[in-house]
Each structure stands twice: as structure tokens, then as C-alpha cells.
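Q: Please take a close look at one part of this model, beginning with a single strand and how its neighbours are arranged. Please then set that description beside other local features in one connected account.

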Amino acid sequence: MLLFLILFYCIFIINRGFFVVGKKVLVTSALPYVNNVPHLGNLIGSVLSADAFARFMRVDGREVLFVLGTDEHGTTAEFKAMEEKLTPRELVDKYFLIHKNIYDWFQTSYDCLGRTSSKENAQITQHIFKKLYDNGYITEHSITQLYSEPSKKFLSDRFVEGECPYCHASGARGDQCDACGKLLDPSELIKPISKLDGSTPVLKETKHLYIDLPKIQPDLVEWFSESKSKWSNIAVSVTEQWLKQGLKERCITRDLEWGVKIPLEGWENKVFYSWFDAPIGYIGITIENRSDWKDWWMSEDVSLYQFMGKDNVPFHSIMFPAFLIGTKEGYKLVDYLASTDYLNYEDKKFSKSKNIGVFGDDAKDTGIASDVWRYYLFRVRPESGDTQFEWNDFQSKVNNELVGNFGNFVNRVVAQNEKFFSSVAPKSNHELLEKAGPLVEEYKSLFYSARIRDALSKANEISSLGNKYLQEKQPWIEVKTNPSGAALTIANCLELAKLLAVIYYPFTPTACEKIFGILGEKESIIKVGVSGAFEGIEEGRVITPKGILFEKIEDKRIVELKQKFG
Ligand SMILES: [Zn+2]
């Protein structure tokens, strides 16, 4: 036992060298756009990835703050509100609740949940803007833009429709033609019509504010060179590409009513472009929830991990850091930028309008447990290249791995302990925990580099170790000839079940809490943590069987689900 502890401690010390992570870990998930219902790809790309990571950091003994929320400003929200005959505020209130319900159903363990349309976010956005302005990083330029005379308003892209200059389809929007997919500028439209009042808009000169990214670039490059070694490959390559092309001044204002007001005289009719206040939203949401927000966002004692899909990388690797560097106020910049590729649906792209794929609110209605959805999504997390959601694969991974490996191990051990030892834990010799030790260290290293899918595979390996051990020892046979040997086997397996509950906790939290209940653990999984799980289970503890952990998914069910979701 002593040797085991010393060995474990040595491994712990050696590995610590690689973990350049502070005691406090700040975790953010990209803020989903509020008026879309998130699909499974959105969920695994940022929200669930950040959640598993935050849960892991907690069981590894760190103080975690996990920030999640919704991006609520922008022309799409204002336009959709007009379509649904709601005010923008009513619209985002309605959709925020839909989002919150989805995150709660998927067991997202956020510490701060909030919205970019909060007054706190408006204040911090205006504050950061003023600092950038005072430090000389804001410029002003005049451009010509479509204007509606009857409404006395400049028209943002979505508020203009007309004929596409490329394919000549009618009804092309100011930002994009749906018929040919080309991105457009509103002034390119042939025969433009104002969506506000049906009038023909005219071109008129107007001024806008820009952030002077070229002026911030040298400081940004210096910071990036020091930080990039810890980022995902795709995050590094996307950022390098942007920097190589040279940053350009970027417009941060828009002609909308819905948004954060610009705190300068003469700018009352414009608001900030939502790409400006959305990333600042991470700070705004923290302020909305925590009075100690500066201990997280203005402290060098914190490690900041940001999770997002690859399309979101430039906003986190260039724009947001540039705003913060430009303030010269010492805000926390991202340490680890964890981006994912895309999850597609059965070789297609998710599409709500075409009814392709499973969306956040559908998952609940399938009757399949949240843990099971989470398990599969983490197993196909697009960590290196795009991946597919496939129903057959879903069934096979759930039945063979989650049910057949992890669930089955715990069920067998608990059932045999009940049958042969009246549900009282026998004395162990920690043999299985010792075997699992090196694999757990690998599991931790994978998590520290945000390789969450690989960490789950490692957890499965550890569970397989238990099944193999059980198969070799065959306590159900041994109990007839050598009851004390069988007792030792069962005791060692019960200890591994406890360890599994901790290391699967980032993926399937409900089942893991159930295991802790079965094992009669008095402390929470987080309190026990990875290191506490190695203390094992004392002889004589009463174990309480509570039924199986996961249900198998039948063929018939898969056929039904395939039909339902296209
Ligand atoms: Zn077109």
C-alpha cells in the first residue's frame, strides 16, 4: 500500500510539470446565437465540450468558473422580431428560455448563465470602447449606405431585399442571396426595396466607427507567439492566416435600434455591431452573476480556456484579445483556445428549415436519457476533422460501450457483491486501482490538452480493465472453492467502480452520481475527486444496489428515430 502511494505521488509530481494551469480555471463556451435553436453540432462544438472540461477540472481539485450565455444582439434578432411581431426584447426573452431549457436538460454545469443584452454587458462594452477610444484605437470613416426616406433610417443588410446581381433571383437579402448562396453588400442589389416600409432606398453618406486593428497588431502578434503552443492546431492555423494577410480596420457600429448604445455624442442612432459586444459578453455575463468578477477576468492567477467551433476562432484569437489588449487594463487573455471541426448529420448539414438532424429540444423528446446523448456526442466530438452523427453508430456505441462496458461492469460487480457477500464490501488490496493508475494519468493529460473525445476513450480503456479482471478471476466460480479470493476480487472491482464514477463524471454525470449512491459515498464526486478515488472503499461498507445504469437501444427504436429525423 505504501509503495503504491509513493508511486502514485511520483507520477502526480512528474505530470504536474506539464500542467501549466493555475489553481483557478475560467472556462467559456461560445455564446450561441439566441434566435436559432442549437443543434447537436452546436452543442458538442462548444457548450458540452466546455461542460465536460469544467467538470473534469472540478474533480481534479481546481476552482472553476464556467461561463455560458446567449448572443442576443444583431440585425437578425431585430429583423426576426419584426417578422414575429414582437419587440426585440420580447423575442430574445422567448428564445433565451428555450436555450436555457436545452442546456439544463443536457446537464450543463454553468456557474454563470447570462445574456449579451444585459445592462451589465452594455456597461462593460461601453467601458472597453471608451478605453479603446481614449487610447487612439478607434477611427471614423464615411461610407455610402442605403437609406429609407419615409422611415428616415439607414438600412442594415437584412432590411433590404432585391434582385441578386449574380443569379438574378428575386428576394435576395442585403447580406446574402439564398438562391445562389453568394454573400452580398446591400448596395449591390438590383432594384432594392426597404423591408421597413416598401420604399425604394437611396444611397446616402453616413459615418461609422472602426477599430484600428493594424495599430494593435504588433502587441497582438507578440502575445500570440507566446500563447499559441497551447492552442488546438486549427486555432493556430486560422489565426496565422489572418495575421499573415495583415489585419484591417473593422467597422464596429451599425444602423439598428437593438444593441448597445454608443457612448459618444452624435451617435444616438447607431449601436455597436454585435460582433463587438458578443465576445465582451463573457465578461458581461460574469459581472451579471458575480461581484468578484475581477478575480477572474483581471487576475494572472487564472487559466482561461475557451471552447468554440472553428468558424468562431478569429473572434477569440484576434478580435476579442485585440479589444482587451487595446484597453491596456490588464484583462485576462485566452490561454487555451479549444476549437472543434464540424459534426454533420448522416453526411448532411444540420438544417432546421429542411428538417434535417436532431436539435437540442428534439433530443429530450426521444425519451433517451441525457447521459446517453452526452456519451455519444463526446465519442464523436470533432477533435481532428469533421465527424458524423449516425444513428447506427449511435446505437452501436451506446450498446457496446456505454451499456456493454462501463454500465455492465458496475452492474455485474454490484450484483455479485449482493449475491455472494450480502452487499457488504469485502477487504481489498487496491490491485485494480494500481493497474488503473497510469491510465488515469493519461486520461488527465488528455483532458488538460482539451482532447475530450480521447479522454473518454481512455475512460473506456480503464473500464475494460475492470471487465477483463472480472473475466479472468471469475469470482462467481471461485466463490465455491475459495471465498476469500472471490471476496478480494469483488472488493477490488468495487473500488474501480468508484474510480470510474469520478472519471466518467464529465461525460455521464447522472449515472456517476447514481454509482456514488450505490457505493454509499458520503461526499460528492467533486469533493472526492480523482485523487480521493484512489483511497478505495473500506471493508464492511454497505453497498445498495439501485438497478441498471443505462438502457440498451433496440433496433426498432433506431428505425423510428431515423424516420423521424430525416
Ligand atoms: Zn443569387
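A: Two strands are taken to pair if DSSP finds at least two bridges between them. The model examined here is predicted.

Strand β1 covers residues 24-29, and six of its six residues are buried. In a regular strand, side chains alternate between the two faces of the sheet. In β1 both faces are covered: K24, L26 and T28 are buried on one side, and V25, V27 and S29 are buried on the other.

Two strands flank this segment through bridges. Strand β13, residues 302-309, runs parallel to β1 and is joined to it by six bridges; within this pairing, S29 stands opposite F307. Strand β2, residues 63-70, also pairs with β1 in the parallel sense, over five bridges, and L26 has L65 of β2 as its bridge partner. Between β1 and β2 the chain passes through helix α2, residues 40-59, in a β-α-β crossover that is right-handed.

A second feature is the zinc ion. Its donors are the SG atoms of C164, C167, C177 and C180, at 2.3 Å. The angles among the four donor atoms run from 106 to 114°, and the site is tetrahedral. Along the sequence, the donor residues follow the spacing C-x2-C-x9-C-x2-C. C167 belongs to the loop between β6 (160-163) and β7 (172-173), whereas C177 belongs to the loop between β7 and β8 (190-194); the pair therefore ties together parts that are ten residues apart in sequence. As for their surroundings, C167 is partly exposed, with a relative accessibility of 35%, while C177 is buried, with a relative accessible area of 2%.

The last feature is helix α5, residues 119-134. Its 16 residues reach 22 Å from the first C-alpha to the last, close to the 22 Å expected at 1.5 Å a residue. An α-helix has 3.6 residues a turn, so residues three or four places apart point the same way. The buried residues of α5 are E120, N121, A122, I124, T125, I128, F129 and L132. Their cover includes the strands β3 (112-115), β4 (138-148), β9 (202-211) and β12 (271-272), together with the helices α8 (274-289) and α10 (313-327). Just after α5, G136 adopts a positive phi of about 80°.

Terms used
Residues numbered from 1 in each chain as written. Predicted model: local features only at pLDDT ≥ 70, side-chain atom pairs only at ≥ 80, totals over all residues. Heavy atoms only, no water. Buried < 20%, exposed > 50% of the residue type's maximum accessible area, 1.4 Å probe, protein only. Helix = DSSP H or I, 4+ residues; strand = E, 2+ residues; numbered from the N terminus. Right-handed = clockwise from strand over helix to strand, strands pointing away. Donors = N, O, S within 2.8 Å, 3.2 Å for Na, K, Ca; no water. Tetrahedral: all angles 85-135°; square planar, octahedral: opposite > 155°, others 65-115°. Expected span 1.5 Å × (residues − 1). Contact = heavy atoms within 4.5 Å.
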